[in-house]
Amino acid sequence: MKKLSVLLVGTLLLITSCAPNIGNDDEISQDEESEEETAIVPSSQLTDESYRMILPYEPSAARGVTVNQIANRVDIDEMEEGLMRHSMQAYDPEDHYFQEGQYITEDMVLQWIDELNPDVDDDADKDVHEENPRYLSHILEQNYLVRGDEDSVHLDGISIGLALKSVYQFEADGAEHTEDIPMDEMMEQGEEMAQSILEEMRQIEGLENVPIMFGIYREEEQSSPVPGNFVAKTNVDGGDTTIGNWDSIDEETVLFPSEEGQEDYFDDHEIVTSFGNEIAEFFPNYTGIIGEGFYINEELQKLTIEIPLEFNAKAEVIGFTQYTNGLVQDMFADYYDLEINITSSNQMESLIYREAGEESPTVHIYD
């Protein structure tokens, strides 16, 4: 396993729109088979709920597989970010560093996916496909490191995310078909797959005694504008080869405005709708806003709103942003994170952001 020795060096970390406490970054000399590499561990965190990352950034050993295996781009982002978010309960960001997975290779991921999914011929008929859906889309690995003796860092834990389908799409009998996969059926398959992957991982050199957190992610259908979510997780102690109980996860992303949003979260839906109506009075070319609410245990954690407009001058952007900022302070509660993205022609014009508990938003107008 790699040994990373740490030396102190002075560097300056500049990050747009963020102001972390800046200290000395750590330079890491990485020795493996007599070849020395140098990397940097930033000494500061963007927030208390973010991991410091070893630089230069080391891509995953299975780089590129995610994009090819998961059909919906929003699922890709949420799975990666969600796995990191749930990892924080197992690996404290205060003393852990993040690194993309370095142990499970692309070939291993593709082989495990094929072995864990039912073996069905491409030319099989509709009934065979319906009875044997391909549940598993992807296996995502994340590594978490800590500083040890003699100013070294080492692997302290791994998180594994399993992306499973909620809808199975397939071609049979000359036509495209879709079949819903019930939650209980998906969970049964996911738990069995996680056990098989654990046994395989314990055979990998360096992972025999490393704690592993598993998370099961339920994808949304391919055309969904909002992502799916993690539905269960479990922690396996170092050296264990059997998974115990799973903990349920209650989280979801809801589109606003939408029938689902109006039915399940009426008050939040009405606020977003009223916000859009206020904007429509100010801007004659307004076509509508797109909102996403992220909920944990049915409590709103973050509301993200995109306002797509066309502007004729920078002064118009500034004026509209000022107006919108006033609406934000008047209309939205402060117990959740709020992000307003004002865009035109697929580019960012301005950003209004407020963290939960803050009295006033932060406003940034892009050059």
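Contact means heavy atoms within 4.5 Å. The exercises below concern a predicted model.

**Exercise 1. Determine which strands helix H8 lies across, and do the same for helix H7.**

Solution. Step 1: H8 lies across E15, E16, E17 and E18. Its direction is at about 25° to that of E17. Step 2: H7 lies across E13, E14, E15 and E16, and it runs at about 25° to E15.

**Exercise 2. Describe the packing of H7 against H8.**

Solution. Step 1: Two packed helices are described by the angle between their axes and the distance between the axes. Step 2: For H7 (residues 266-282) and H8 (residues 314-331), the angle is about 150° and the axes are 11 Å apart. Step 3: Angles over 145 degrees count as roughly antiparallel; H7 and H8 are therefore roughly antiparallel to each other. Step 4: The crossing of the two helices is right-handed. Step 5: On the H7 side, the contact involves Ile271, Ser274, Phe275, Glu278, Ile279 and Phe282. These residues meet Gly319, Phe320, Tyr323, Thr324, Leu327 and Met331 of H8. Step 6: By class, the residues of this contact comprise 8 nonpolar, 3 polar and 1 charged.

**Exercise 3. Establish the strand order of the sheet that contains E15, and identify its edges.**

Solution. Step 1: The sheet is open, has 6 strands and follows the order E13-E14-E15-E16-E17-E18, with mixed pairing. Step 2: E13 and E18 (362-365) each have a single partner strand, so one side of each is left without a neighbour in the sheet. These two strands stand at the edges. Step 3: On average, neighbouring strands of this sheet are turned by 15° against each other, direction ignored.

**Exercise 4. Assign the sense of pairing for E14 with E15, E15 with E16, and E17 with E18.**

Solution. Step 1: E14 (residues 290-296) and E15 (residues 299-308) run antiparallel and are joined by 7 bridges. One bridge partner can be named here: Phe294 is matched by Lys302 in E15. Step 2: The connection between E14 and E15 is a hairpin with 2 residues between the strands. In its turn, Asn297 has a positive phi of about 50°. Step 3: E15 and E16 (residues 337-344) are also joined by 7 bridges, but these strands run parallel. Here Pro308 has Thr343 in E16 as its bridge partner. Step 4: E17 (residues 347-354) pairs with E18 in the antiparallel sense over 4 bridges, and Tyr353 has Thr362 in E18 as its bridge partner.

**Exercise 5. Locate a cis peptide bond and a positive phi in the loops of the chain.**

Solution. Step 1: Most residues other than glycine have a negative phi, and most peptide bonds are trans. Step 2: The peptide bond from Phe256 to Pro257 is cis, with omega near -10°. Pro257 belongs to the loop between strand E13 (251-256) and helix H6 (259-264). Step 3: Asp173 has a positive phi, near 55°. This residue is found in the loop between strand E8 (167-172) and strand E9 (175-180).

**Exercise 6. State how confident the prediction is, and where the pLDDT is below 50.**

Solution. Step 1: The chain has a mean pLDDT of 86, and 85% of its residues reach 70 or more. Step 2: The pLDDT is below 50 over residues 1-23, a stretch with 57 contacts in the model beyond near neighbours in sequence. Step 3: Residues 29-38 also have pLDDT below 50, and this stretch has 21 contacts beyond near neighbours in sequence.

Note on methods
Residues are numbered from 1 along each chain as its sequence is written. This is a predicted model: local features need pLDDT of at least 70, side-chain atom pairs count only at pLDDT 80 or more; totals for chains, interfaces and linings use all residues. Side-chain values use heavy atoms; hydrogens and water are left out. Axes are lines fitted to C-alpha atoms, for helices over the stretch in contact, and angles run from 0 to 180 degrees between N-to-C directions. Angles under 35 degrees count as roughly parallel, over 145 as roughly antiparallel, 65 to 115 as roughly perpendicular and the rest as oblique. A crossing is left-handed if the near helix is turned anticlockwise from the far one by less than a right angle, and right-handed if clockwise. Ala, Val, Leu, Ile, Met, Phe, Trp, Tyr, Cys and Pro count as nonpolar, Asp, Glu, Lys and Arg as charged, and the others, Gly among them, as polar. pLDDT is the predictor's confidence in each residue, from 0 to 100. Two strands pair if DSSP finds at least two bridges between them.
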